[in-house]
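Me: I am new to reading structures and would like a close look at one part of this one. Please show me how charged side chains pair up, and then take me through the surroundings.

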Amino acid sequence: MRKLYMELIRMRFLTMLAYRVNYYSGIIIYAINIGAYYFLWGAIYGGQQQLGGLSVEQMTSYVAIAWMSRAFYFNNIDMEIAQDVREGKVAIEMIRPYNYLSVKTAQAFGEGIFRFLFFAGPGIFLISLIIPFSFPATAQGWGLYLMSLMFAFFINTQVNLLTGLFTFFLFRNDGMMRAKRVIVDLMSGLVLPISFFPGWAQTIMGFLPFQAINYYPSLIFTGAIPAGRAWELIGFQVIWMFVILVPILILWRVARNRLVVQGG
Amino acid sequence: MRNLKHIFHIFADYLGQYFKTRLAYRADFLGDLASNLISELINLVFIIVVFQHVPLMGEWTRDEIIFIYGFFLVPYALFSIFFGFWDFNERYIIRGEMDRILTRPVHNLAQVCLESIAPDRIFGVISGLIIMAYAAIQLDLVFYWYDPIIFIVLSISGALIYGGVYTAISAISFFSDSRTGITPMIYNIQQYGRYPVDVYNKVIRFVLTYVLPFAFVGVYPAAYFLRKETWYIYAAMTPVMAVIFFGIGLLVWNIGVSKYRGAGS
């Protein structure tokens, strides 16, 4: 069984490698996004030294790191599930001797590794040449970041599985997936560090899993928090991972019993 | 001319079909409207939160930037009604649907647009107008009798600029006949017209003005209504850019179609 999932990860990695235009356009997207936010924040800071507890240098490296982490955890498996459901492929997937959701997660993981090695790695290197940028100083710092990033991947993938599963009940949920993407980008701290939000909003967001997707790993990377606090954040991520697993398993069970194939 | 009338006639037919298919999935239809509203409002959050910390972005106030965002939503909504073929590469090239399109009598781009039409996006126009109205009241903007006409012209121009760029980029699929994944790129870049281009550096400003002229979909035309005289020339150039870029889009598309050999089954 483990061999099967390893193979799935490898295959998705190779598929990503095969679509070269995708690869180049991906690099351009990330470069443009980081570049644009860099200037946008420059304009926002104007002459000010500190905003929301961050200096302009800290802010630009935060933005760069947040986007690079996104390269790893981002995937479109909700859309893939929706497509499988619409086309009726999911019926075939269900009778196969593996777990459909784990297969999707494995494929997303292959994609994540690809993006991490080929976008994020070179991307961070290039950016560090242009923007003053501080890497985690110790091996422990790197280890904590990578571990946190791994959990970020699982939580984001679970959120995607959840939105994907809604296709079973709504038949079409493109709108929901689009809204989810915007919500995750905003509430995970990708476009705005959580510390910028007003206090009441921070309190509400503390009860939601989205911060665990981007804000936690980015905080750990910047080294702005002590190692003890980093472990605490990783602990929260683990808790969220198990919490979101519950609705997924319930929805999956119900979905299998009421699957309506709409063609294919 | 007869040809165009024909397209409009078919357009009406497709519209009818569209609502039938959409209302078959009623929950999704309502969910879609709600989701679109949420994504539009969430983009405002960035502006609002940032301006709690600073009084100005570049030389622009919060309400001016909200106005630009509201304006941007209108041409963007018009664009997404007619150019909804986000999955063009996947659906028409990889799966070979394009072969079917080419047997139809209507112009192939019009046919593709018609098949992916999404009239419910018109609600984007409404939210845009509401956001603009709010900002206009805050800013005490003055309007003249001819402003609505200018507004319509600039909005349609903006939609055509997006349409042209998007058509040209979709046409890349004709040449490469493999998965391209170019769409997310445009999806990501398009939003930069929403912020005043003078906050970016010269290179990005140049790109957003002359290469991927998305600034003409947001800041430049909105600057006219905000009475920013320095940008009047750019605002006036919007329709010209629309004709040029939609023309380029159409040209690339037609060349692409003539090169197309079919890849699907």
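Reply: Let's begin with a word we will need throughout: a helix here is a DSSP run (H or I) of at least four residues, and helices are numbered from the N terminus. Please also keep in mind that this is a predicted model.

A good stretch on which to try the word is residues 230-252 of chain A, which are 100% helix and 0% strand, with end C-alpha atoms 33 Å apart. UniProt, in an unreviewed entry, lists those residues as a "transmembrane region", along with 21-39, 59-77, 113-133, 145-171 and 183-210 of chain A. Of these, residues 113-133 are 86% helix and 0% strand, and their end C-alpha atoms are 23 Å apart.

Now to the charged pairs. Side chains of opposite charge can pair when their charged atoms come close. For a salt bridge, the cut-off is a Lys or Arg side-chain nitrogen within 4 Å of a carboxyl oxygen of Asp or Glu. By that rule, there are 16 salt bridges over all chains.

Start with a local one. A:Glu7 and A:Arg10 form a salt bridge with an N to O distance of 3.3 Å. Both residues belong to helix H1 (residues 2-18) of chain A and sit three residues apart, about one turn of the helix. That spacing is handy, because an α-helix has 3.6 residues a turn, so residues three or four places apart point the same way. A:Glu7 counts as partly exposed because its relative accessibility is 33%, and A:Arg10, at 47%, is partly exposed as well.

The next pair reaches further along the chain. A:Arg12 meets A:Glu80 in a salt bridge of 3.1 Å, N to O. A:Arg12 is in helix H1 and A:Glu80 is in helix H4 (residues 77-87) of chain A, so this pair ties together parts that are 68 residues apart in sequence. Are these two buried or exposed? The cut-off for buried is under 20% relative accessible area, so A:Arg12, at 15%, is buried, and A:Glu80, at 18%, counts as buried too.

From helix H4 we can step onward. The side chains of A:Asp84 and A:Lys104 are joined by a salt bridge of 3.7 Å, N to O. This pair also links distant parts of the chain, since A:Asp84 is in H4 and A:Lys104 is in helix H6 (residues 100-130) of chain A, 20 residues apart. A:Asp84 counts as buried at 10% relative accessibility, and A:Lys104 is buried at 7%. Through shared partners, salt bridges join A:Arg12, A:Glu80, A:Asp84, A:Lys104, A:Glu111 and A:Arg115 into one network.

What about the helices elsewhere in chain A? Helix H3 (residues 56-73) has 18 residues, which should span 26 Å at 1.5 Å a residue, and its end C-alpha atoms are indeed 26 Å apart. Because 15 of its 18 residues are buried, H3 of chain A is largely enclosed by the rest of the structure.

Helix H3 is also among the neighbours that cover the buried residues of helix H11 of chain A, which include H7 (139-165), H9 (174-187), H10 (199-206) and H12 (227-257) of chain A. H11 (residues 211-222) reaches 15 Å from its first C-alpha to its last, close to the 16 Å expected for its 12 residues. It is mostly covered, with 11 of the 12 residues buried; among them are A:Tyr215, A:Tyr216 and A:Pro217. Just after this helix, A:Gly223 takes a positive phi of about 70°.

Finally, how many salt bridges are there between chain B and chain A? The count is zero, while three residue pairs are in polar contact between the two chains. The contact takes 41 residues from chain B and 40 from chain A. Together the chains bury about 3500 Å² between them, 67% of it on carbon and sulfur atoms. On the chain B side, B:Tyr25, B:Phe46 and B:His53 lose the most area to chain A, together 16% of what that side buries. Helices H2 (26-50) and H9 (183-189) of chain B each supply at least two residues to that side, and H2 of chain B gives the most, with 13 residues.

Terms used:
Residues numbered from 1 in each chain as written. Chains lettered and ligands numbered in written order. Predicted model: local features only at pLDDT ≥ 70, side-chain atom pairs only at ≥ 80, totals over all residues. Heavy atoms only, no water. Expected span 1.5 Å × (residues − 1). Buried < 20%, exposed > 50% of the residue type's maximum accessible area, 1.4 Å probe, protein only. Contact = heavy atoms within 4.5 Å. Buried area = accessible area lost by both parts, 1.4 Å probe. Polar contact = N/O pair within 3.5 Å; in protein donor to acceptor, adjacent residues only side chain to side chain. UniProt positions renumbered as here; feature names shortened; annotations may be inferred.
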